[in-house]
Amino acid sequence: MADSKEKLFSEFPNVSTEDWMSKITVDLKGADYEKKLVWRTNEGFKVKPFYRQEDLKGLKTVGSLPGEFPYLRGNKKDDNTWLIRQEINVVSAKESNAKAKDILNKGIDSLGFSVKKKDISQEYVSELLDGIDAEKVELNFSTCQGHTVQLAKELVTYFTNKGYNLENIKGSVNYDPMGKMMLKGKDLSNFVNIAKELIETLAPMKKFRCICVNTVELNNSGAYIYQELGYALAWGNEYLEKLTQAGLPASLVAKKIKFNFGISSNYFLEIAKFRAARMLWADIVKEYNPTCNGNCPNRGEDGTCNCSSKMLVHAQTSTFNMTLFDSYVNLLRTQTESMSAALAGVNSITVVPFDIAYKEADDFSERIARNQQLLLKEESHFNKVVDPAAGSYYIENLTVSIAAEAWKLFLDVVEKGGMLSEIMAGNIQDAINASNKARHDAVSKRKEVLLGTNQYPNFNELSEGKEPAERASCCGGEKKDSCDRPVKTLDSARMASEFEALRLSTEKSGKRPKAFMLTIGNLAMRQARAQFSCNFLACAGYEVIDNLGFQSVEEGVEEALKAKADIVVLCSSDDEYAEYAVPALKALDNRAIFIVAGAPACMDDLKAAGIENFIHVRCNVLDTLKEYNEKLGIKE
């Protein structure tokens, strides 16, 4: 058997693409192939229903190797290990230190400390990091932008006094003035001198980064994938350009830039995004001709320092798609998100706790978030294989496609004057906010599904006092209204926010409306439409009452009135609505809102007879439910 050269599946005949297309054409029975099977993504390109080996022809990405320029397949060669990071909002240095040491024994190997500006001092840093081996744990810090240099100096002093080898310390200080401008609305455009001082302060710490590109904020504001990547490239390029113009070497600046990406639930496209990101960033850095000091294992043929072109990526699961109701579904979202980032070869990952949409994370939700990544490592062994997506007909094509669209956007920003100029003009914010609005609209029409919110809600769930958590917009956690905002800001309203407000208003009204399914006629159709209607109306928090079926509309109406229904939904087939709808309306006699489930051919006739309400797949679910709440006297 060992000497056999027979290929697997050689007994099967080859099937050409033309053969597949012929079979598909037959199965479609005349339907349009493009409309039925080709996916038109929000990223600006089409995705075919199947890919074959021939689709890899001409793709430059296929010849890449792990750890080699342009790092499409990652910066790692031996394995796919990433760091599991947990964020700590520091209120007390002593308490946060105890928490950090505790979670370091529970699988965490990267810490993120959010420090208040008023607390920064040598004593504070010493207490915060007491007992933590800085050479074995990645340490990341954030504070108000104007105090970042002060924090960096305190850290260097601390590490030096403790006798650490500064070149071995890994981590970052989060300085991102352009990101803060979009998030807070403050004018931080005069950042070059601060950024330069910050880089010079941390220069001895070779593995410590300080200039951050926080596109996670774009992701959390509803950006499409090509936008997040395209703007990330322009963002990083702006920092690189301005700081090299200020006299810093390109290799030093590039090695101080860190990318903090968000991760959406679009599984395969996210894998492609991270692969494309590394490739495109490497090409951008190479244009600055970074030079190497000493022996560089990644020196290019032209002498440039290719190791400077390695993109360091931290990935964080999205909050944009998180929900207050049916919140455990958030675990499914963050799990697939972290899976895509891990498989794509990022350097570290933060899984946002599932309950962050309505409260501060507690020990339970933080533990679950840690364990989600531990499962990927210890159970699924995602850390063992470098870039398993390589060679996939589908993902390789997605990588090239997303790279092309992101590059177009990058060039567009550069041609218009650069990232800073576009932020000052508000153009970046306008584009992201337009995407936010478009995605909210898609959710309201169920074109984008949020399980448990706009589709298949938990019929019996109550909020139990949960309220949407507000994000602090200003430095130090000040209220939004106290901020001076000369620059446009991002709209970070979660996709579920409007449905949640609707459902909470229903719950707070003190009366939970009852929606009664008047099922009659064709068995299959009445059951299907009753299920559809129950899901539709439960999205507003209504109590839904399904039924097996009635012999007459009069019987159904009588039972609905006995149940004290506020809404009666007629569920039958299109053909039978002409027979049942008007009698049902008359029998109900305005004692409840009457709805027909579907969009029958006789709809105009039914409207002429006085029937106003129809629910079907083309409805704007959110607007329709708001209308019903208004009719029921429920105010937002």
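Start by selecting serine 327: with a relative accessible area of 4%, it is buried, since buried here means under 20%. Keep in mind as you look around that this is a predicted model. You'll find serine 327 in the loop between strand E9 (313-317) and helix H12 (329-343). Now show what surrounds it. Leaving aside neighbours within four places in sequence, serine 327 is in contact with Phe354, Tyr358 and Lys466.

Next, a look at the inside. Select Phe113 and Phe159: of the 109 residues in the largest nonpolar core, these two touch the most other members. Color helix H11 (residues 267-286) as well, as it gives the most to this core, with 11 residues. A second, separate core has 56 residues, including Phe536, Tyr577, Cys619 and Leu625. Back at phenylalanine 159, switch on the contacts. Not counting residues up to four places away in sequence, phenylalanine 159 touches Leu129, Ala134, Leu139, Tyr164, Leu166, Ile169 and Met205.

Time for a couple of helices. Pick H9, residues 225-245, and put a ruler between its end C-alpha atoms: they are 30 Å apart, which agrees with the 30 Å that its 21 residues should span at 1.5 Å a residue. Of those 21 residues, 16 are buried, so H9 is largely enclosed by the rest of the structure. Step just past the end of H9 and you reach glycine 247, which takes a positive phi of about 110°.

Then jump to helix H17 (497-508). Its 12 residues should span 16 Å at 1.5 Å a residue, and the end C-alpha atoms are indeed 16 Å apart. Select Phe499, Glu500, Leu502, Arg503, Leu504, Ser505 and Thr506 to see the buried residues of H17. What covers them? Among the elements doing so are H16, helix H18 (523-538) and helix H22 (621-631). Just after H17 comes glycine 510, with a positive phi of about 90°.

Now for the outside. Turn on the surface and highlight Leu332, Val449, Leu451 and Tyr456, which form a nonpolar patch with about 390 Å² of accessible area together. Zoom in on valine 449, in the loop between helix H16 (427-444) and helix H17 (497-508). Valine 449 is partly exposed, at a relative accessible area of 46%.

For another loop, go to lysine 118, between strand E4 (110-114) and helix H4 (122-129). Is lysine 118 buried or exposed? It is exposed, with a relative accessible area of 65%. Try a distance from there to tyrosine 231: the two C-alpha atoms are separated by 32 Å, with these positions 113 residues apart along the chain.

Finish with charged pairs. The structure holds 33 salt bridges, so here are a few stops.

- Lysine 23 and aspartate 27: their side chains meet in a salt bridge (3.5 Å, N to O). Being four residues apart in helix H1 (residues 17-28), they are separated by about one helical turn. Lysine 23 is partly exposed at 48%, and aspartate 27 is partly exposed at 47%.
- Lysine 48 and aspartate 55: here the salt bridge is 2.8 Å, N to O. Lysine 48 is partly exposed at 34%, whereas aspartate 55 is buried at 18%.
- Aspartate 412 and lysine 416: the closest N and O atoms of this salt bridge are 3.2 Å apart. Aspartate 412 is partly exposed at 28%, and so is lysine 416 at 47%.
- Arg73, Arg275, Asp387 and Glu396: select these together, as salt bridges that share partners join them into one network.

Technical notes:
Residues numbered from 1 in each chain as written. Predicted model: local features only at pLDDT ≥ 70, side-chain atom pairs only at ≥ 80, totals over all residues. Heavy atoms only, no water. Helix = DSSP H or I, 4+ residues; strand = E, 2+ residues; numbered from the N terminus. Expected span 1.5 Å × (residues − 1). Buried < 20%, exposed > 50% of the residue type's maximum accessible area, 1.4 Å probe, protein only. Patch = residues over 30% accessible without salt bridge, like charges linked within 9 Å, V, L, I, M, F, W, Y side chains within 5 Å. Areas by Shrake-Rupley, 256 points an atom, 1.4 Å probe, with all protein chains shown as cover. Salt bridge = Lys/Arg side-chain N within 4 Å of Asp/Glu carboxyl O. Core = buried A, V, L, I, M, F, W, Y, C linked by side-chain atoms within 4.5 Å. Contact = heavy atoms within 4.5 Å.
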